[in-house]
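Morning, everyone. I'd like to talk about salt bridges today. Let me put the sequence and the structure up.

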Amino acid sequence: MGNWHTKKNKKMCWWITEKCNEGCIYCFRSLDSINKFNEDEHMLILKRIIGYGTEQITWSGGEALLVPHVTKLMKYAKEQGVYNKLTTNGKLLTPDKIKEIKKYVDLVALSIDSFNDDTNQSLGRGKEQREIVIDRIKHLIDNNILVDINTVVVKQNINDLIDMAEFLKENPINGKWKLMTFFPIRENALKNKGKLEIMDDDFLKIVKKLKEDYPSINIVHMMNDQIQQQYPGVRANGDL
């Protein structure tokens, strides 16, 4: 649990586990470092994060909901005044799980890259991803939880973004639609860079079109350098 620098940051992303129930071909999680910390060990890391002056934690992975005690950790963070943001693919976010976490989570960011089932299958999310996310959006909004949508833009889904925008126009969420560039730093992401990566100009062109054509949708975008600089992350082994 070393490698912590001294600069205090208000926001922190905690990749609490490298385990995942999906196999996205653009993912950069470390596939060879599946850490299995128990609840007490995770609590020590959490207290260190909060003691660092952190006011917002993004709970991510892998898939954070695969950690059986993650709700207890989020509850503790909430009691310390932390803003909790959960990033999830939604597969484990059942209606019962939403009721369990609703008091402790301020925002849920659902990951989906297309409303085309074949595209989702080719990217490693599975054909059922669209139906799952649509269902989860409804249950989250019904429980007064803010909902963001996270989309990684690659060659395979860039032409599907208009259909996603049409859906979000007719079925508005109460948060943001975040479009992010592909981030090829290691593992699957680096291995598949050639068949996934698009030019920055192409990314910015489609973002501009979406923002102009769908002003009712709160669309934000992030480039690679912004993703790296926005806030630091704590890896599953406790390193920052």
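A salt bridge here is a side-chain nitrogen of Lys or Arg within 4 Å of a carboxyl oxygen of Asp or Glu. Keep in mind that this is a predicted model.

By that criterion, the structure holds 16 salt bridges. Some of them join up. Glu22, Lys91, Asp113, Arg125 and Glu128 are linked in a network of salt bridges.

Take one pair from that network. Glutamate 128 bridges to lysine 91, with 3.7 Å between the closest N and O atoms. Where do these two residues sit along the chain? Glutamate 128 is in the loop between α4 (117-123) and α5 (129-142). Lysine 91 is in the loop between β3 (83-88) and α3 (95-101). They are 37 residues apart, so the pair links distant parts of the chain.

Now, buried or exposed? Lysine 91 has a relative accessible area of 19%. The cut-off for buried is under 20%, so lysine 91 counts as buried. Glutamate 128 is partly exposed, at 37%.

Next, two bridges within helices. In helix α5, aspartate 142 pairs with lysine 138. Their closest N and O atoms are 3.0 Å apart. The two residues are 4 apart in the sequence, which means a separation of about one helical turn.

Helix α9, residues 200-213, holds the other. There, aspartate 213 bridges to lysine 209 at 2.8 Å, closest N to closest O. Again the spacing is 4 residues, about one turn of the helix. What about accessibility in this pair? Aspartate 213 is partly exposed at 39%. Lysine 209 is partly exposed too, at 40%.

Definitions and conventions
Residues are numbered from 1 along each chain as its sequence is written. This is a predicted model: local features need pLDDT of at least 70, side-chain atom pairs count only at pLDDT 80 or more; totals for chains, interfaces and linings use all residues. Side-chain values use heavy atoms; hydrogens and water are left out. Buried means under 20% relative accessible area, exposed over 50%, partly exposed in between (1.4 Å probe, protein chains only).
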